[in-house]
Amino acid sequence: MKKILSMALALVMTLSLAGCGGNTVKKTPDYSQKSSWYQIPEITKDVDTFYILATEYMGFGEGDPNYAAMDEPEMVEGAPIQYAMNASVFEESTNVFLPFYRQFGLKYAGEVYKKTGNIDAILSGTPYEDITAALDYYFENYNNGRPFILAGHSQGSAISKLVLKKYFQEHPEYYERMVAAYVIGFAVTKDDLAANPHLKFASGETDSGVIISWNTEGKGNVEGNVKTCVLYPNAISINPLNWKLDGTYAPASENLGSLVLNEDQTKFVIGDVGADAQVIPERGVILTNAQIEPMSPELAAVATEFFGPDGRHESDYTFYYNNIKANVAKRIATFKANR
C-alpha cells in the first residue's frame with residue numbers, strides 16, 4: 001500500500017502540472033452512462049459540487065492523441081488521488097459530482113503554450129464541449145434544483161472559467177443557484193471580470209455567487225517575476241487564510257490544517273506544514289513560505305518549465321485544506337440565508 005500510494009502521489013504531482021499545457025477522440029461522451037463519471041454521489045446533502053478534474057493525461061507516447069479517451073488509464077487511475085487531495089474538501093458540505101472528460105495532454109498543452117502564450121484554443125473545443133454536455137446532463141437529471149458549487153483545479157479551473165463566462169451566461173436559471181465557484185490554480189483576471197459583468201469575484205470570507213481563485217508561489221517566482229502558464233496579466237487572488245484581496249499577511253497560525261501524507265505514507269491526514277499566505281496584488285498570486293516535498297529531477301524540470309523554479313501549484317488545495325473546507329460551509333450558509 002505504501003508503495004502504491006507514494007507512486008500515486010508522485011503521479012498526481014506530475015499530472016497536476018498539466019493544467020497548462022490535436023486529435024479529437026470520437027464523439028461527445030454519453031453522460032447518461034455511469035462510466036462517464038468518476039463519481040455520482042448518494043444524495044445526503046442539500047447542496048452539490050460539480051468538480052472538474054485537473055489533467056491526468058500526459059500524451060507523451062508515440063502516436064498518443066492530443067486529447068484523452070474517456071477510458072484513458074492515466075485519467076481513470078489518477079482521479080481517486082486527485083479526489084482525495086482536492087475534491088474531497090467539498091464532501092463534508094456537499095454531494096460531489098465528478099465527470100470524466102476528454103482532457104488535453106501535457107505534451108500538446110506545452111506545444112500550444114509555447115507557440116501562443118496561452119491554452120485558450122485547446123480548452124474551448126473538446127474539453128469545454130464535454131464538460132458542458134456533462135453539465136447539461138447533471139442539471140437535467142441529477143441536480144433537482146439544489147444549490148451547487150462549481151470547482152476545479154488547473155485545467156479543470158481553466159474550463160470552469162469558460163463555463164462561468166459562456167455556459168452560465170446562456171443558462172441564468174442555473175447560475176442563480178450557484179453558491180460559489182472555486183477556480184483554483186488558474187488565473188482569473190480583472191479583464192475577465194470587465195468583459196463578463198455577470199461575474200463577481202469574492203470580496204471577503206462569506207459572500208456567495210462569487211468566484212474564489214488563487215495561484216500559490218514561493219519567493220523565487222515572486223521576486224523573479226517568473227512567467228508561468230497558469231498566470232495571466234491582471235490576475236486576482238484572494239487569501240485563503242484571511243480572505244482578503246490586499247497584501248495583509250496571514251501567518252501560518254491562521255491555518256486550520258493542511259492535507260499531508262502520514263509518516264508511513266499510507267493515508268492522507270491533517271498536519272502543519274507552515275503554510276502562511278500573502279496576496280501579492282501586483283502579480284495576482286499567493287506568496288507562501290511553506291515548502292513542498294522534494295521532487296525527482298524529472299518532475300522538478302517539468303514543474304520549473306510550467307510553473308517556474310519556485311511554484312507551489314500542486315499544493316493550491318492541500319496547503320489550505322481545512323480553511324477551504326470551513327469556507328465552503330460559510331458561503332453555503334450565506335447563500336441559504338439570502339434565499
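# Briefing: salt bridges, strands and core

D46 and K336 form a salt bridge, and their closest N and O atoms are 2.9 Å apart. That pair ties together distant parts of the chain: D46 sits in the loop between β1 (37-39) and β2, K336 sits in helix α11 (residues 321-337), and 290 residues separate them. The model is predicted. It holds ten salt bridges. The largest nonpolar core has 93 residues. The points below cover the charged pairs, two sets of paired strands, the core, and two individual residues.

**Salt bridge D46–K336: exposure**

- D46 has 42% relative accessibility. The band for partly exposed runs between 20% and 50%, so D46 falls inside it.
- K336 has a relative accessible area of 40%, so this residue is also partly exposed.

**Salt bridge K161–D192 and its network**

- K161 pairs with D192 in a salt bridge, with 2.9 Å between the closest N and O atoms.
- This pair also links distant parts of the chain. K161 is in helix α6 (residues 155-170), D192 is in helix α8 (residues 190-195), and the two are 31 residues apart.
- K161 and D192 are both buried.
- K161, K165 and D192 belong to one network, joined by salt bridges that share partners.

**Salt bridge E217–R283**

- The side chains of E217 and R283 form a salt bridge, at 2.6 Å from N to O.
- E217 lies in strand β8, and R283 lies in the loop between β12 and β13. The pair links distant parts of the chain, 66 residues apart.
- E217 is at 4% relative accessibility. Buried means under 20%, so E217 counts as buried.
- R283 has a relative accessible area of 8%, so R283 is buried by the same cut-off.

**The three-stranded sheet around β8**

- Strands β8, β13 and β12 make an open sheet in the order β8-β13-β12, with mixed pairing.
- β8 (216-217) and β12 (278-280) are the edge strands. Each has a single partner strand, so one side of each lacks a neighbour in the sheet.
- β8 and β13 (residues 285-287) run parallel and are joined by two bridges.
- E217 has L287 of β13 as its bridge partner. E217 thus appears in two roles: in a strand bridge and in the salt bridge with R283.
- Strands of a sheet pair through backbone hydrogen bonds, in either a parallel or an antiparallel way.

**Strand β4 and its partners**

- Six of the six residues of β4 (residues 148-153) are buried, so the rest of the structure largely encloses this strand.
- Both faces of β4 are covered. On one side F148, L150 and G152 are buried; on the other, I149, A151 and H153 are buried.
- Strand β2 (residues 48-52) runs parallel to β4, and five bridges join them. D48 has F148 as its bridge partner in β4.
- Strand β5 (residues 178-184) also runs parallel to β4, joined by six bridges. L150 has A181 as its bridge partner in β5.

**The nonpolar core and Y182**

- The residues with the most contacts inside the largest core are F90, L164, F168 and Y182.
- Beyond its neighbours within four places in sequence, Y182 contacts several residues of the 148-153 stretch, including I149, L150, A151 and G152.
- Y182 also contacts F90, S157, I212, Y317, I324, N327, V328 and R331.
- Nonpolar side chains tend to be buried together in soluble globular proteins.

**N86: a buried loop residue**

- N86 lies in the loop between α2 (73-85) and β3 (95-99).
- Its relative accessible area is 6%, under the 20% cut-off, so N86 is buried.
- The side chain of N86 makes a polar contact with the side chain of Y51, at 3.5 Å.
- N86 touches Y51, H153 and Y317, leaving out residues up to four places away in sequence. Y317 is also one of the contacts of Y182.

**Y38: a partly exposed strand residue**

- Y38 is in strand β1.
- Y38 is partly exposed, with a relative accessible area of 29%.
- Y38 and V76 are 38 residues apart in sequence, and their C-alpha atoms are 7.7 Å apart in space.
- Outside its neighbours within four places in sequence, Y38 contacts A79, P80, Y83, L98, P99 and F100.

Conventions:
Residues numbered from 1 in each chain as written. Predicted model: local features only at pLDDT ≥ 70, side-chain atom pairs only at ≥ 80, totals over all residues. Heavy atoms only, no water. Pairing = 2+ DSSP bridges. Helix = DSSP H or I, 4+ residues; strand = E, 2+ residues; numbered from the N terminus. Core = buried A, V, L, I, M, F, W, Y, C linked by side-chain atoms within 4.5 Å. Buried < 20%, exposed > 50% of the residue type's maximum accessible area, 1.4 Å probe, protein only. Contact = heavy atoms within 4.5 Å. Salt bridge = Lys/Arg side-chain N within 4 Å of Asp/Glu carboxyl O. Polar contact = N/O pair within 3.5 Å; in protein donor to acceptor, adjacent residues only side chain to side chain.
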